[in-house]
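Biologist: Got a few minutes to go through this fold with me? I'd like to start with one side chain and work outwards.

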Amino acid sequence: MTTARTPSDRPVAHVYDAAYAGVPNWDIGRPQRAFVDLVEAGLVRGPVLDVGCGTGELSLFLARQGYEVLGIDLSRLAVQQATEKARWRRIPAFFLVWDALNLDGLGEIGFSFRTVVDSAMFHVLGDRERDRFVDGLAAVVPSGGLYCVLGDARSDDRQVYGISVDELRTRFRAADGWETVFAVRTVFERRWSSNPAYFVGVRRR
């Protein structure tokens with residue numbers, strides 16, 4: 001069995017712990033509107049995995065709608081805050097300190113998710129990390145399952161940061177068992193600003 005990666009395995013975990021010691025600008029106290037629209041469109045099916053869940057606002061929103069939800073994040077502090085929110089609000093969402101680059105580890109212990117939501121996690125990954133994440137999704141998303149990602153629109157194709165529709169179509173190829181079901185231009189909200197963004201959904205065949 002693959003050993004679960006802990007926050008100490010990737011130094012960036014400590015960066016996020018430091019951010020969550022305050023209130024990071026991406027933590028707006030509610031889910032991004034794109035995911036509310038996704039629920040209203042009837043495209044979410046449980047169980048749901050929220051990758052890079054932060055302090056849990058998206059997970060808690062989905063759980064309030066009746067979905068079985070697991071949120072994972074590298075940051076122990078973020079997961080602690082999300083768990084406390086769930087307890088205070090009496091919402092049955094569950095949270096785990098887990099590296100989203102080790103999704104195959106979740107698959108090996110029996111987890112499977114019909115929907116995976118990603119609110120600005122993928123868009124910060126490096127090139128090889130993106131490959132690893134996409135490979136790991138196949139271990140936890142069954143046929144018919146949906147992965148939905150919201151991320152800042154890439155402003156320069158020479159940069160890794162951000163996402164583009166073309167990149168996602170390349171990484172989630174039909175030859176590998178994926179199909180793009182929607183790709184829309186939208187915004188990613190922060191506490192004091194908003195950025196142009198893409199919201200993309202890919203389904204596993």
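Biologist: What distance goes with the polar contact that joins the side chains of T55 and K85?

Modeller: Keep in mind that this is a predicted model. T55 sits in the loop between strand 1 and helix 3, and its contacts beyond four places in sequence include Q81, A82 and K85. The polar contact between the T55 and K85 side chains comes out at 2.8 Å.

Biologist: Which other side chain makes a polar contact with the side chain of T55?

Modeller: Setting aside neighbours within four places in sequence, T55 touches Y20, D27, A78, Q81, A82 and K85. From that list, the side chain that makes a polar contact of 2.7 Å with T55 belongs to D27.

Biologist: Is T55 buried or exposed?

Modeller: The cut-off for buried is under 20% relative accessible area. T55 has 4%, so the label is buried.

Biologist: On to the strands. How many residues of strand 2 are buried?

Modeller: Strand 2 covers residues 69–73 and is mostly covered. V69, G71 and D73 point one way, L70 and I72 point the other way, and all are buried. That makes the count for strand 2 five of five.

Biologist: Which residue in strand 2 is the bridge partner of D50?

Modeller: Strand 1, residues 48–51, pairs with strand 2 in the parallel sense, over four bridges. With helix 3 (residues 57–64), these two strands make a right-handed β-α-β unit. The strand 2 partner of D50 is G71.

Biologist: And which residue in strand 3 stands opposite L70?

Modeller: Strand 2 also runs parallel to strand 3 (residues 94–97), with four bridges joining them. The chain gets from strand 2 to strand 3 through helix 4, residues 76–89, in a right-handed β-α-β crossover. Opposite L70 in strand 3 stands F94.

Biologist: What does UniProt say about residues 48–145?

Modeller: Over that stretch the chain is 43% helix and 18% strand, and the end C-alpha atoms are 10 Å apart. The label comes from an unreviewed UniProt entry, where the annotation covering residues 48–145 reads "domain: Methyltransferase".

Biologist: Let's talk backbone oddities. Which two residues does a cis peptide bond join?

Modeller: Most peptide bonds are trans, so a cis one is worth a look. Here omega is about 0°, and P47 lies in the loop between helix 2 and strand 1. The cis bond joins G46 and P47.

Biologist: R90 has a positive phi, so what is its relative accessibility, given that it counts as exposed?

Modeller: Most residues other than glycine have a negative phi. R90 isn't a glycine, yet its phi is near 55°, and its place is the loop between helix 4 and strand 3. R90 counts as exposed because its relative accessibility is 78%.

Biologist: Is A120 buried or exposed?

Modeller: A120 also has a positive phi, about 70°, although it is not a glycine. Its loop runs between strand 4 and helix 6. With a relative accessibility of 16%, A120 counts as buried.

Biologist: Now the rings. Which geometry does the pair Y20 and W26 have?

Modeller: A ring pair is described by the distance of the centres and the angle of the planes. The count comes to nine aromatic pairs. For Y20 and W26 the centres are 5.9 Å apart and the planes are at 85°, so the pair is edge-to-face.

Biologist: How many residues apart in sequence are the parts tied together by F182 and F199?

Modeller: Their ring centres are 5.2 Å apart and the planes are at 50°, so this pair is tilted. F182 lies in strand 6 and F199 in strand 7, so the pair ties together parts whose separation in sequence is 17 residues.

Biologist: Last one: which elements do the buried residues of helix 2 pack against?

Modeller: The buried residues in helix 2 include A34, F35, V36, L38 and V39. Just after the helix, G42 takes a positive phi of about 75°. The packing partners of those buried helix 2 residues are helix 3, strand 4, strand 5, strand 6 and strand 7.

Methods. Residues are numbered from 1 along each chain as its sequence is written. This is a predicted model: local features need pLDDT of at least 70, side-chain atom pairs count only at pLDDT 80 or more; totals for chains, interfaces and linings use all residues. Side-chain values use heavy atoms; hydrogens and water are left out. Buried means under 20% relative accessible area, exposed over 50%, partly exposed in between (1.4 Å probe, protein chains only). Two strands pair if DSSP finds at least two bridges between them. A crossover is right-handed if, with the strands pointing away from the viewer, the path from the first strand over the helix to the second runs clockwise. UniProt positions are given in the numbering used here, feature names are shortened, and annotations may be inferred rather than shown by experiment. A polar contact is a pair of N or O atoms within 3.5 Å; within protein, one must be able to donate a hydrogen and the other to accept it, and residues adjacent in sequence count only if both atoms are side-chain atoms. Contact means heavy atoms within 4.5 Å. Rings of Phe, Tyr and Trp (its six-membered ring) pair if their centres lie within 6.5 Å; planes under 30 degrees apart count as stacked, over 60 as edge-to-face and the rest as tilted.
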